[in-house]
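Here are my notes from a pass through this one, written for someone with the structure open on the other screen. Have a look at it first, then work down the points.

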Amino acid sequence: MFTGLDVVIHGEPDADPEVGDITLDSRTVGPGTLYVALPGTKAHGADFSSAAAAQGAVAVLTDVDGRDRAAATGLPVVVCENPRAAMALAAATLFGRPTHDLRMFGLTGTNGKTTTCFLVEAALVAAGERVGTIGTNGFRLDGEPIESSRTTVTTPESPDLQALLAVMLERGASAVAMEVSSHALVLQRVNEVGFDVAGFTNLGRDHLDFHPTMEDYFQAKSRLFDPRWCRVAVVNTDDEYGLRLAQKLAGQELPRLVSTGFGPSDHQILDRRATPTGSWLKVAGPYGEREFTIDLPGEYNVRNAVMALAMLTEAGIDVDGAIEGLRHAQVPGRMELVLNDPDAPRCYVDFAHTPQAISAAIDAVEPDEGGRTIVVIGAGGDRDRAKRGPMGAAAARGSDLVVVTDDNPRTESPEAIRAAVVAGVESATDAGRRPEVVEVSPRREAIAHALASARAGDVVLVLGKGHERGQEIAGEVLPFDDAGTVRELWNEIQTMAGEGR
């Protein structure tokens with residue numbers, strides 16, 4: 001199970017227990033489980049070895065610091081310098097290395113992972129594949145949710161990931177598109193996952209509460225393209241960090257480098273323009289030139305579509321079939337058009353929660369002549385505090401009205417978070433014009449204020465939470481859905497107008 005790793009097994013020399021499961025959560029241990037005891041921020045997992053043994057664990061995997069506490073259980077103890085790598089190897093082995101029989105597509109980057117995964121999924125479905133997806137929006141097979149106790153927001157820990165992939169394979173999946181977070185790469189959750197094609201979208205400021213510097217963040221993202229796990233790398237070379245990654249990978253046998261972008265590249269965007277419902281684009285690649293439309297607005301979604309097209313064609317999917325799948329793909333909470341009636345403002349809900357993503361969302365849409373751009377924005381608590389001001393500044397540029405409200409304040413003061421965002425809005429100017437800024441809480445009232453301030457021809461962008469169906473306040477997750485709230489409030493506004501109030 002640990003072939004190739006430097007491990008030492010303590011315990012009975014002839015101990016060779018039969019392992020039927022693996023977990024790093026002592027609460028989920030059952031009979032026949034290999035319990036992985038990792039160091040944590042508050043305690044070492046080895047402190048829970050006795051509880052794991054009592055629940056049926058047959059062995060413990062840990063590091064040197066956890067060895068003696070784990071050995072006190074009397075179970076065989078596997079000790080190694082890098083228990084996370086050993087855990088990933090053990091999980092892949094235990095679940096039969098499912099990625100050997102799946103066509104795997106991986107996406108990393110700050111923005112665009114979820115959208116590009118949905119686009120890849122749509123094209124694969126159009127090509128007749130049964131597709132699993134793993135990412136921020138959950139786990140799905142053929143578009144239907146797979147129930148799971150999620151261990152992370154985006155990319156599961158390696159035992160859960162390998163088990164999930166095995167379930168998808170067992171249920172008939174032929175391909176999987178998955179998001180790969182920087183946390184997952186640093187914590188080696190995708191070790192032993194073989195990616196046929198992996199894509200790099202871009203890199204902007206995010207997660208600097210976890211990564212000490214942007215350079216550390218970039219190096220973490222680069223780990224997806226380790227030649228041990230990746231065959232083809234598709235990289236957006238218009239992005240500064242994408243260009244660096246391409247230069248790093250150039251000339252290697254594996255992964256084979258494929259570039260995308262508006263600049264000279266293997267899959268080059270020759271032209272694009274807005275349409276009433278999305279975008280028209282023209283692209284050139286190994287397949288020649290193609291023109292098509294997508295139901296997603298903005299330059300960045302054109303980039304996402306071409307990234308998806310490059311990944312698909314490099315994996316052997318017919319280009320014209322892939323394009324048919326891309327045309328009408330929709331992504332919940334990603335520039336989701338919620339209101340589009342002639343007598344209503346156009347209203348979009350988007351997950352944008354970084355300065356880069358906020359700017360891209362505003363640039364993606366244009367109000368009608370004489371119309372205004374209204375943005376609802378907040379920032380998350382217990383996360384990178386330094387990005388709050390830049391988020392507010394990004395919302396201000398190109399907007400006429402910025403409504404600052406609460407996102408997920410978590411355990412922080414909502415007032416303090418809003419104040420930081422407001423300061424960012426007030427620090428920004430757009431060609432000498434300063435937008436109106438108002439602070440409204442709670443979030444429902446902020447959305448109501450934005451809609452009540454809007455008229456036909458305006459654009460309203462509700463940013464930050466996208467697909468999420470809850471709002472975390474003071475440690476409690478309360479039901480909240482931006483798209484549903486927009487529809488409900490607009491109906492109320494229409495009803496009140498009809499009654500002449």
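The points below go from a sheet, to one arginine in it, to some helix packing.

1. First, a caveat: this is a predicted model, so please read every value below as computed from it.

2. Start with the open sheet of six strands. Going across, the order is S17-S18-S22-S19-S20-S21, and the pairing is mixed. S17 (336–339) and S21 (436–439) are the edge strands; each has a single partner strand, so one side of each is left without a neighbour in the sheet. On average, neighbouring strands here are turned by 20° against each other, if you ignore direction.

3. Now zoom in on one pairing inside that sheet. Strand S19 (residues 373–377) and strand S22 (residues 459–463) run parallel and are joined by four bridges. If you want a spot to click on, try Val-375, whose bridge partner in S22 is Leu-461.

4. Next, Arg-346, which sits in strand S18 (residues 346–350). Is this arginine buried or exposed? Its relative accessibility is 17%, and the cut-off for buried is under 20%, so Arg-346 counts as buried.

5. What surrounds Arg-346? Setting aside neighbours within four places in sequence, Arg-346 is in contact with Leu-337, Leu-339, Asn-340, Glu-366, Pro-367, Asp-368, Asp-458, Val-459 and Val-460. Of these, Glu-366 deserves a closer look: its backbone oxygen lies 2.3 Å from a polar atom of the Arg-346 side chain. For a sense of scale, the C-alpha atoms of Arg-346 and Arg-97 are separated by 47 Å, with their positions 249 residues apart along the chain.

6. On to a helix pair. Helix H11 (residues 355–364) packs with helix H12 (residues 388–396) at an angle of about 10°, and their axes are 8 Å apart. That makes the two helices, H11 and H12, roughly parallel. On the H11 side the contact is made by Pro-355, Ile-358, Ser-359 and Ile-362, and on the H12 side by Pro-390, Met-391, Ala-394 and Ala-395. Sorted by class, that contact has seven nonpolar residues, one polar and no charged ones.

7. Last, helix H7 (residues 214–222). Which of its residues are buried? They are Tyr-217, Phe-218, Ala-220, Lys-221 and Ser-222, so don't skip the lysine when you look. The buried residues of H7 pack against two strands and three helices: strand S6 (103–108), strand S11 (195–200), helix H4 (113–126), helix H6 (182–186) and helix H8 (240–249).

Notes: Residues are numbered from 1 along each chain as its sequence is written. This is a predicted model: local features need pLDDT of at least 70, side-chain atom pairs count only at pLDDT 80 or more; totals for chains, interfaces and linings use all residues. Side-chain values use heavy atoms; hydrogens and water are left out. Two strands pair if DSSP finds at least two bridges between them. Axes are lines fitted to C-alpha atoms, for helices over the stretch in contact, and angles run from 0 to 180 degrees between N-to-C directions. Buried means under 20% relative accessible area, exposed over 50%, partly exposed in between (1.4 Å probe, protein chains only). Contact means heavy atoms within 4.5 Å. Angles under 35 degrees count as roughly parallel, over 145 as roughly antiparallel, 65 to 115 as roughly perpendicular and the rest as oblique. Ala, Val, Leu, Ile, Met, Phe, Trp, Tyr, Cys and Pro count as nonpolar, Asp, Glu, Lys and Arg as charged, and the others, Gly among them, as polar. A polar contact is a pair of N or O atoms within 3.5 Å; within protein, one must be able to donate a hydrogen and the other to accept it, and residues adjacent in sequence count only if both atoms are side-chain atoms.
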